[in-house]
Amino acid sequence: MAVLINGGGGGGGASGIYIRGVALAGFQIDGALAIGSNLAPLVSIPTDQPVGSGIFRVKEAPDGDDLVIVLKLNGVAWLTLTIADGTTSVAPTPAALVAAGPLTADGLITLDITSVGTTFPGADLSGLLFR
């Protein structure tokens, strides 16, 4: 299955990032971002699943500092992602996903933000993790 992220460019053609895989978990925070814990709706999956890829995007880039996202599994940091100052996306590296390990059955996945842009924090975060 192919998934189109941020699809529908101008000029009639699709644009975005294509990722092959099955979506395991999705995250969304609307509006201007802020430092905080447990900011997105809670997510869990019914069986142990390895994560093979992912993508996290903002509609408006952080300005003045990086946006740092910490995904937690059962309250423990599982994966840290950084959307660099002035950019709009980040994908976890395969090595980072291997080091993080699989998502566990019925494990509670939460999202914290530990740093935002100082001039503008960034806005409208969405993210997906794929098997």
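How many of the seven residues of β5 are buried? Six of them are, so β5 is largely enclosed by the rest of the structure. The legends below describe close-up views of this predicted model, beginning with the whole chain and ending with single residues.

**View 1. The chain combines one helix with nine strands.**
Along the sequence, the elements follow one another in the pattern β-β-β-β-β-β-β-α-β-β. The chain has 131 residues, of which 41% count as buried. Its accessible surface comes to about 6,500 Å², and carbon and sulfur atoms contribute 55% of that area. Among contacts with a separation of 6 or more, 74% join residues that are 24 or more positions apart.

**View 2. The largest nonpolar core of the chain contains 29 residues.**
Phe 27, Phe 56, Trp 78 and Leu 111 are the residues with the most contacts inside this core. Two or more core residues come from each of the strands β3 (23-32), β4 (53-60), β5 (67-73), β6 (76-83), β8 (109-115) and β9 (123-130), and from the helix α1 (94-100). In soluble globular proteins, nonpolar side chains tend to be buried together.

**View 3. Phe 27 is one of the residues with the most contacts inside the core.**
Neighbours within four places in sequence are left aside in this view, and the remaining partners of Phe 27 include Ala 40, Val 43 and Phe 56. Leu 71, Ile 109 and Leu 111 are also in contact with Phe 27. Further partners of Phe 27 are Leu 125, Ser 126, Gly 127 and Leu 129.

**View 4. Three strands form an open sheet in the order β6-β5-β8.**
The pairing in this sheet is antiparallel. Its edge strands are β6 and β8, each of which pairs on one side only. On average, and with direction ignored, neighbouring strands are turned by 25° against each other. Strands of a sheet pair through backbone hydrogen bonds, either parallel or antiparallel. Although β8 is an edge strand, six of its seven residues are buried, so β8 is largely enclosed by the rest of the structure.

**View 5. Strand β5 is paired with β8 over six bridges and with β6 over seven.**
Both pairings run in the antiparallel sense. Val 68 stands opposite Ser 115 in β8 and opposite Thr 82 in β6. Val 70 stands opposite Asp 112 in β8, and Lys 72 has Thr 110 of β8 as its bridge partner. The hairpin of β5 and β6 has two residues between the strands, and Asn 74 takes a positive phi near 55° in this hairpin.

**View 6. Asp 124, in strand β9, approaches Gly 31 from a distant point in the sequence.**
The two residues are 93 residues apart along the chain, yet their C-alpha atoms are separated by 5.0 Å. A polar atom of the Asp 124 side chain lies 2.6 Å from the backbone nitrogen of Gly 31. Apart from neighbours within four places in sequence, Asp 124 is in contact with Ile 29, Asp 30, Gly 31, Leu 33, Arg 57, Val 58 and Lys 59. Asp 124 counts as partly exposed because its relative accessibility is 21%, and buried means under 20%.

**View 7. Arg 57 is found in strand β4 and is in contact with Asp 124.**
Arg 57 is buried because its relative accessible area is 16%, which is under 20%. The C-alpha atoms of Arg 57 and Ser 89 are separated by 4.3 Å, although these residues are 32 residues apart along the chain.

**View 8. Asp 106 has a positive phi although it is not a glycine.**
The phi of Asp 106 is about 60°. Asp 106 lies in the loop between α1 and β8. With a relative accessible area of 61%, Asp 106 is exposed. Asp 124 likewise has a positive phi of about 60° without being a glycine, but Asp 124 is found in strand β9 and counts as partly exposed.

Note on methods:
Residues numbered from 1 in each chain as written. Predicted model: local features only at pLDDT ≥ 70, side-chain atom pairs only at ≥ 80, totals over all residues. Heavy atoms only, no water. Core = buried A, V, L, I, M, F, W, Y, C linked by side-chain atoms within 4.5 Å. Buried < 20%, exposed > 50% of the residue type's maximum accessible area, 1.4 Å probe, protein only. Helix = DSSP H or I, 4+ residues; strand = E, 2+ residues; numbered from the N terminus. Contact = heavy atoms within 4.5 Å. Areas by Shrake-Rupley, 256 points an atom, 1.4 Å probe, with all protein chains shown as cover. Pairing = 2+ DSSP bridges. Axes fitted to C-alpha atoms, helices over the stretch in contact; angles between N-to-C directions. Polar contact = N/O pair within 3.5 Å; in protein donor to acceptor, adjacent residues only side chain to side chain.
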